[in-house]
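Me: I would like to learn how to read a structure that is new to me, one feature at a time. Could you take me through it slowly?

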Amino acid sequence: MAFIATSWVGLLAGVVGYLIGLWNATMQLNEKGYYFTILMYALFAAVSVQKCVRDRLENIPVTDMYYGISWVSMLIAIVLLIIGLWNATLLPSEKGFYAFAFLLSIFGAIAVQKNTRDSQAAKDQLSQS
C-alpha cells in the first residue's frame, strides 16, 4: 500500500510541478503547448512500454510492431524534450526543473501502471481461489 501511495505521489508531484512551471513560465503560448504535448506523449508512451514489457513477461501476445512503436515513442518524447530545452532561452535552473519533473512524471506513470496491474492480478487470483 505504501508503494502504491508513493507512486501516485511521484506521478502527481511530477505532473503538477511541471504544469505549474509551465503556467508560471514567461514563454510564448506555443512553447507552453510544445512542452505540454511532450509530457502527455511521454506519459502515454511510458505506460505503453510498461504494458508491453509486462505482457511479454506474462506471455500475453504483443505484436513486435506495437512493442517497437512504444519504445520509439518513449525515445522520441525524451529526445524532443532534450532538443526543446537545449534550444530554449531559459535559465539553466529552469531547464533542470523541467527535465527532473518530466523524469519524475515518467517514473510515476510507470510505477502507477505497474501497481494497478499488480492489484488487478491479485484481485483476479483471489477471486479464482
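**Reading the structure step by step**

Reply: Let us begin with a single detail: the side chains of Q113 and Q50 are joined by a polar contact of 3.5 Å. Please keep in mind throughout that this is a predicted model.

Me: Where does Q113 lie, and which residues is Q113 in contact with, leaving aside its neighbours within four places in sequence?

Reply: Q113 lies in helix 4, and, once neighbours within four places in sequence are set aside, Q113 is in contact with V47, Q50 and K51. The relative accessibility of Q113 is 18%, and since buried means under 20%, Q113 counts as buried.

Me: Before more details, how many helices and strands are there in the protein?

Reply: There are 4 helices and 0 strands, and the pattern read along the sequence is α-α-α-α. The C-alpha trace spans about 60 × 35 × 20 Å along its principal axes. Of the 129 residues in the protein, 36% are buried, while the protein exposes about 8200 Å², with carbon and sulfur atoms supplying 73% of it.

Me: What share of the contacts with a separation of 6 or more comes from residues 24 or more positions apart?

Reply: Among contacts in the protein with a separation of 6 or more, residues 24 or more positions apart account for 70%.

Me: Which residues have the most contacts inside the largest nonpolar core?

Reply: A nonpolar core is a set of buried residues of certain kinds, joined through side-chain atoms within 4.5 Å. Here the largest such core has 26 residues, and those with the most contacts inside it are Y18, M27, Y35, M74, L81, Y98 and F102. Two or more residues of this core are given by each of helix 1, helix 2 (29–57), helix 3 (64–87) and helix 4, with the largest share, 8 residues, coming from helix 2.

Me: Y18 is in that list, so to speak, at the head; which residues is Y18 in contact with, leaving aside its neighbours within four places in sequence?

Reply: With those neighbours left aside, Y18 is in contact with Y35, L39, L81, F97, Y98, A101 and F102. At 0% relative accessibility, Y18 counts as buried.

Me: How should I read the aromatic rings, and how many aromatic pairs are there?

Reply: Two rings pair if their centres lie within 6.5 Å, and planes over 60 degrees apart make the pair edge-to-face. By this rule the count comes to 5 aromatic pairs. In one of them, the ring centres of Y18 and Y98 are 5.5 Å apart and the planes stand at 80°, so the pair is edge-to-face. Because Y18 lies in helix 1 (residues 2–24) and Y98 in helix 4 (residues 92–128), this pair ties together parts that are 80 residues apart in sequence. Y98 counts as buried, at 3% relative accessibility.

Me: Are the rings of Y34 and Y35 stacked or edge-to-face?

Reply: Their centres are 5.3 Å apart with the planes at 80°, so the pair of Y34 and Y35 is edge-to-face. Y34 is partly exposed, with a relative accessible area of 32%, whereas Y35 is buried, with a relative accessible area of 3%. One aromatic cluster is formed by Y18, Y34, Y35, F97, Y98 and F102.

Me: Which residue lies over the face of Y67?

Reply: R56 lies over the face of Y67, at 4.0 Å from the ring centre.

Me: What about serines: is S105 buried or exposed?

Reply: S105, whose place is in helix 4, is buried, with a relative accessible area of 0%. The side chain of S105 reaches the backbone oxygen of A101 at 2.8 Å. Not counting residues up to four places away in sequence, S105 touches L11, G14, V15, L39 and L43.

Me: And where does S70 lie?

Reply: S70 lies in helix 3, and at 3% relative accessibility S70 counts as buried. Leaving aside neighbours within four places in sequence, S70 is in contact with A45, S48, V49 and C52. S70 and V53 are 17 residues apart in sequence and, C-alpha to C-alpha, 10.0 Å apart in space.

Conventions: Residues numbered from 1 in each chain as written. Heavy atoms only, no water. Phe/Tyr/Trp six-rings, centres within 6.5 Å; stacked < 30°, edge-to-face > 60°. Buried < 20%, exposed > 50% of the residue type's maximum accessible area, 1.4 Å probe, protein only. Lys NZ or Arg CZ within 6 Å of the ring centre and 35° of its normal. Contact = heavy atoms within 4.5 Å. Polar contact = N/O pair within 3.5 Å; in protein donor to acceptor, adjacent residues only side chain to side chain. Areas by Shrake-Rupley, 256 points an atom, 1.4 Å probe, with all protein chains shown as cover.
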